[in-house]
Amino acid sequence: MRAALLRLRRATGLQVVFGGLLHDGRRLRIAELNGALTPALHGLAVTTGSGLGGKCLALSRPCAVTDYPSARHITHEYDGAVAAEGLRSVIAVPVVVRRTVRGVLYGALRDALPIGERVFDAAVAAARDVEQALAVRDEVHRLLTAPASGDVGPVGHAGPSWEEVRQAHGELRALAPRIDDPELRARLLSVCGRLETASEGPGRPTDVTLTPRETDVLAAVASGATNAVAASRLGLRPETVKGYLRSTMRKLGAHTRLEAVVAARRAGLLP
């Protein structure tokens, strides 16, 4: 969220940007600010239905006011904090993951000016960045906490099959290059590495090393993707995908895509 807010401010010229995530399903706490002159907004707890952010939470859609103090279509529980920071024109955009509101991003000016379409679009894009990061973290958490294949959970459900793990691995590898936050990207790739070594056999060769992009392409191929689909997922050209596949097959001593996938799994390079 910090990175998304910083990009939003730089792209739009908004004087203040801030935001926070929900912790109990109804209340969010402002945890990140950029451009603030006072601590008035930091730590502010916003409840669903209250103020501009609360309206945004309740409606699950962007909301904006040109002059916050005189706005008639919001409640005014937070006027003191808003006035202390001198905010007038404010936009609030929800962060929605799988149809559930997880937080709100705000942008504000200290003048009563309309929020233009360019600023609106940039705020929505920033919220989408946060949504993607949260979706990735959710998936990582699911993979880390899921029972091992064949295990039975407390309610009697079997754990994920290896095919499900492999599918998730391919999706995470495809997501990683799109994550701007270097720390989150590194953590995601670390989890991918754990999935890869989870299938490591005693005879794993130590002299085969694939580049990150070769692994990305092979993971996509292993999920059944064609070159065109793999290219679309990874933001590459189909010819580039072919090049990575040729390199991977040469390293693994494989003559076909299927042989390359099988060899990579035996080598512990794919789950």
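This is a short tour of a predicted model, moving from its sheet to the helices on it and then into the core.

**The sheet**

Start by colouring the six strands that make up an open, antiparallel sheet, in the order β3-β2-β1-β6-β5-β4. Which strands stand at the edges? They are β3 and β4; each has a single partner strand, so one side of each is left without a neighbour in the sheet. Turn the view to follow the twist, which averages 25 degrees from one strand to the next.

**Strand by strand**

Select β1 (residues 16–22) and β2 (27–34) next. These two run antiparallel and are joined by six bridges. Look for L22, whose bridge partner in β2 is L28. Four residues lie between the strands of this hairpin, and G25 has a positive phi there, near 90 degrees.

Now step across to β3 (residues 45–47), which runs antiparallel to β2 and is joined to it by three bridges. Here R29 stands opposite A45 of β3.

On the other side of β1, show β5 and β6, an antiparallel pair with nine bridges. V97 has T100 in β6 as its bridge partner.

**Helices on the sheet**

Bring in α1 (residues 2–12), which packs on the sheet and touches β1, β2 and β6. The direction of α1 makes about 155 degrees with that of β1. Then add α2, which also packs on the sheet and touches β1, β2, β3, β4, β5 and β6. With the direction of β5, that of α2 makes about 35 degrees.

**An aromatic pair**

Show the side chains of F18 and Y106. Their rings are stacked, 4.5 Å centre to centre with 10 degrees between the planes, and a search of the whole structure finds one aromatic pair. Because F18 lies in β1 and Y106 in β6 (residues 100–109), the pair ties together parts that are 88 residues apart in sequence. Are these residues buried or exposed? F18 is buried at a relative accessible area of 5%, and Y106 is buried at 6%.

**Into the cores**

Keep both rings on display and add L52, Y68, L87 and V90: with F18 and Y106, they touch the most other members of the largest nonpolar core, which has 25 residues. Strand β6 gives this core its largest share, four residues.

Centre on L87 next. Beyond its neighbours within four places in sequence, its contacts include V16, F18, L41, Y68 and A108.

For a last stop, select A231, L236, L252 and L270, which are among the 24 residues of a second, separate core.

How values were computed. Residues are numbered from 1 along each chain as its sequence is written. This is a predicted model: local features need pLDDT of at least 70, side-chain atom pairs count only at pLDDT 80 or more; totals for chains, interfaces and linings use all residues. Side-chain values use heavy atoms; hydrogens and water are left out. Rings of Phe, Tyr and Trp (its six-membered ring) pair if their centres lie within 6.5 Å; planes under 30 degrees apart count as stacked, over 60 as edge-to-face and the rest as tilted. Buried means under 20% relative accessible area, exposed over 50%, partly exposed in between (1.4 Å probe, protein chains only). A nonpolar core is a set of buried Ala, Val, Leu, Ile, Met, Phe, Trp, Tyr and Cys residues joined through side-chain atoms within 4.5 Å. Contact means heavy atoms within 4.5 Å. Two strands pair if DSSP finds at least two bridges between them. Axes are lines fitted to C-alpha atoms, for helices over the stretch in contact, and angles run from 0 to 180 degrees between N-to-C directions.
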